[in-house]
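Reader: I would like to go through this model at the bench, one question at a time. Could you take me through the helices, the sheets and the neighbourhood of the DNA?

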2 protein chains.
Amino acid sequence: MTEFRKSKKYVSLSQEVKKKILEYIEKENLQPDDKLPSESQLTKMFKISRYTIREALALLEQEKIIYKIKGKGTFVNKKPIQIKSGLEYLDSITEIIRKFGYEPGTKWVSIEETIPTKDMVKKLNLKPKEKVITFKRIRTADGKPAAFLVDTVAKKILGNKKPDQINFESLFEYMEKEFGIIIEYAISEIIPTFPTEEMIQYLGVDKNSLFLLLYQLHYDKEGRTIFYSLDYFDPKIFKFKVIRSR
Amino acid sequence: MTEFRKSKKYVSLSQEVKKKILEYIEKENLQPDDKLPSESQLTKMFKISRYTIREALALLEQEKIIYKIKGKGTFVNKKPIQIKSGLEYLDSITEIIRKFGYEPGTKWVSIEETIPTKDMVKKLNLKPKEKVITFKRIRTADGKPAAFLVDTVAKKILGNKKPDQINFESLFEYMEKEFGIIIEYAISEIIPTFPTEEMIQYLGVDKNSLFLLLYQLHYDKEGRTIFYSLDYFDPKIFKFKVIRSR
DNA sequence: TAGTGGTCTAGACCACGAG
DNA sequence: TCGTGGTCTAGACCACTAC
């Protein structure tokens, strides 16, 4: 098993084993609540250590594909629990729109150098008089307005890039390609809200329509605040779900 | 290290080590981005295996208290990332209200045996003509209305309990104590909405006020759907956050 | 009592980062 | 090149479940 791993592009063994277990469930046509082979049996079947088996099973358990009961065994979970994309998973909005089955698009509203609000100064750890750049965009799904995004980053992060030279679809991809900054996680506050004046103007929505606002701070792996965003989503298009575990 | 574990009440070693590492950070006054001892050093410090150290560190990494960089080391994360209660963690509403710093209370609206909607039949896997019980409650925070809860369970789960004999604060605790059913996770859809007629009547809120609706299905460990709920939260009181990771 | 998953040990090789 | 975290092996004892 270990030999031909190197030919593949460095996928961990536990990831491979996870796939093999899924194939096993498929092949043996295991139904919900059917028992999988025990961990010790799996070590023999795949000729690998129990540690690796347990890693693979942990991945499947996280995704609610299996469940374990101490002293009894490991079992297949009920079917309809596959979630395409839960809010607890951080995707770019481009990707979210795709997962909902629409073709993503962008209409630029403005790029402006502005003076940060007090909240921004605090959250982005800005120095006094430090400037920020605010990007306002309409994101479309199959050409129709679906979200209004207001992203703000410290000007220093963008270096010598002038605001009008900046153009991108996904801010995540842009930050990664241009500056090597990889966003690892975000902390989002979820707020029901009415559209702002600007949104009424640019999106042509009614002032009493409802939006879901995600007020988010994005961090890199080392916990540095990278950007500050207010993303307004049209709930008719975005059905946000979240898996909540104990 | 292993000897005196038995005196404590079965907390895993990795949990204990997690605490010890936190104490170490405290004692040594480690600042954000300061380096922790390497894993091999920690094995010597605590006289335990690297596996257990890594489990403890994994817990701390999940909580964004530390971050790791392959080839470099393990580091303390920036401070203000402590979240009291993210939506990705399933708490009872009683507990959520407490974590927000209020005293939880309940005002009962009704308990009714009803005919399920088509959506309920599908989601709760009901047989034709199977009845359900719907609980409607107002949850209060420091005596003020904070949420309107509509929970529905299949009648068969409640067995011989008659609706009017039922009274509880937390549905989670009730299900556990009365029937031994433990809710393990929920899948929630997050929807901005206006109050229903009933809410306007019982809560005395304006019909144009905003609510955050969590449309949720709760499951036990084995993936059985236990209950169906529509929870309406007043966003002035509940500031829901979620950690979104890649 | 036998089998299961949960936890822990000791040791190994690897890829990555920095000097 | 050396130390680090990432991955994997082999073996052990425990608590829990079911018989």
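Reader: Which residues of α1(B) are buried?
Author: This is a predicted model, and what follows is computed from it. A residue counts as buried if 20 or more other C-beta atoms lie within 10 Å of its own. In α1(B) the buried residues are Val17(B), Lys18(B) and Ile21(B).

Reader: Within what arc do the buried residues of α1(B) fall, seen down its axis?
Author: Looking down the axis of α1(B), one finds that its buried residues line one face of the helix. That follows because they fall within an arc of 110°.

Reader: Which residues are exposed on the other side of α1(B), and what covers its buried residues?
Author: The other side of α1(B) carries the exposed residues Lys19(B), Glu23(B), Glu26(B) and Lys27(B). As for the buried residues of α1(B), their cover includes α2 (39–46) and α3 (50–62) of chain B.

Reader: How far apart are the end C-alpha atoms of helix α1 of chain B?
Author: Helix α1 of chain B covers residues 13–27, which is 15 residues, and at 1.5 Å a residue it should span 21 Å. The model agrees with that expectation, because the end C-alpha atoms are 20 Å apart.

Reader: Which residue with a positive phi follows α1(B)?
Author: Most residues other than glycine have a negative phi. After α1(B), however, comes a residue whose phi is positive, near 55°, and this residue is Asn29(B).

Reader: In what order do the seven strands that include β9(A) form an open sheet, and what is the sense of their pairing?
Author: The pairing in this sheet is antiparallel, and neighbouring strands are turned by 20° against each other on average, direction ignored. Its edge strands, each pairing on one side only, are β9 (240–245) of chain A and β3 (104–114) of chain B. The order is β9(A)-β6(B)-β7(B)-β8(B)-β5(B)-β4(B)-β3(B).

Reader: Which residue of β7(B) stands opposite Tyr185(B)?
Author: Strand β6 (residues 183–193) of chain B runs antiparallel to strand β7 (residues 211–220) of chain B, and ten bridges join them. Opposite Tyr185(B), in β7(B), stands Tyr219(B).

Reader: Which are the edge strands of the open sheet that contains β3(A)?
Author: Seven strands form this open sheet, with antiparallel pairing, in the order β3(A)-β4(A)-β5(A)-β8(A)-β7(A)-β6(A)-β9(B). The strands that pair on one side only are β3 (104–114) of chain A and β9 (240–245) of chain B.

Reader: Which residue in the turn between β4(A) and β5(A) has a positive phi?
Author: Strand β4 (residues 132–141) and strand β5 (residues 144–154) of chain A pair in the antiparallel sense over ten bridges, and Arg139(A) stands opposite Ala147(A) in β5(A). The two strands form a hairpin with two residues between them. The residue in the turn with a positive phi, of about 50°, is Asp142(A).

Reader: Which residue in β8(A) is the bridge partner of Val153(A)?
Author: Within β5(A), Val153(A) stands opposite Ile133(A). Seven bridges also join β5(A) to strand β8 (residues 225–233) of chain A, and these two strands run antiparallel. The bridge partner of Val153(A) in β8(A) is Phe227(A).

Reader: Which element gives the most to the surface near DNA strand D?
Author: DNA strand D is surrounded by 23 residues, of which the closest are Leu13(A), Tyr51(A), Thr52(A), Gly71(A) and Ser38(B). Two or more residues come from each of α1 (13–27) and α3 (50–62) of chain A, and from each of α2 and β2 (73–76) of chain B. The element that gives the most, with four residues, is α3(A).

Reader: Is Asn125(A) exposed, partly exposed or buried?
Author: Asn125(A) lies in the loop between α5 (118–123) and β4 of chain A, and has a positive phi of about 55° although it is not a glycine. Because Asn125(A) has 13 C-beta neighbours inside 10 Å, it counts as partly exposed.

Reader: Is Lys129(B) buried or exposed?
Author: Lys129(B) is found in the loop between α5 (118–123) and β4 (132–141) of chain B, and its phi is positive, near 70°. With 8 other C-beta atoms within 10 Å, Lys129(B) is exposed.

Notes. Residues numbered from 1 in each chain as written. Chains lettered and ligands numbered in written order. Predicted model: local features only at pLDDT ≥ 70, side-chain atom pairs only at ≥ 80, totals over all residues. Pairing = 2+ DSSP bridges. Axes fitted to C-alpha atoms, helices over the stretch in contact; angles between N-to-C directions. Expected span 1.5 Å × (residues − 1). Buried ≥ 20, exposed ≤ 12 C-beta atoms within 10 Å, placed from the backbone. Arc of directions from axis to C-beta. Contact = placed C-beta atoms within 7 Å. Near = placed C-beta within 6 Å.
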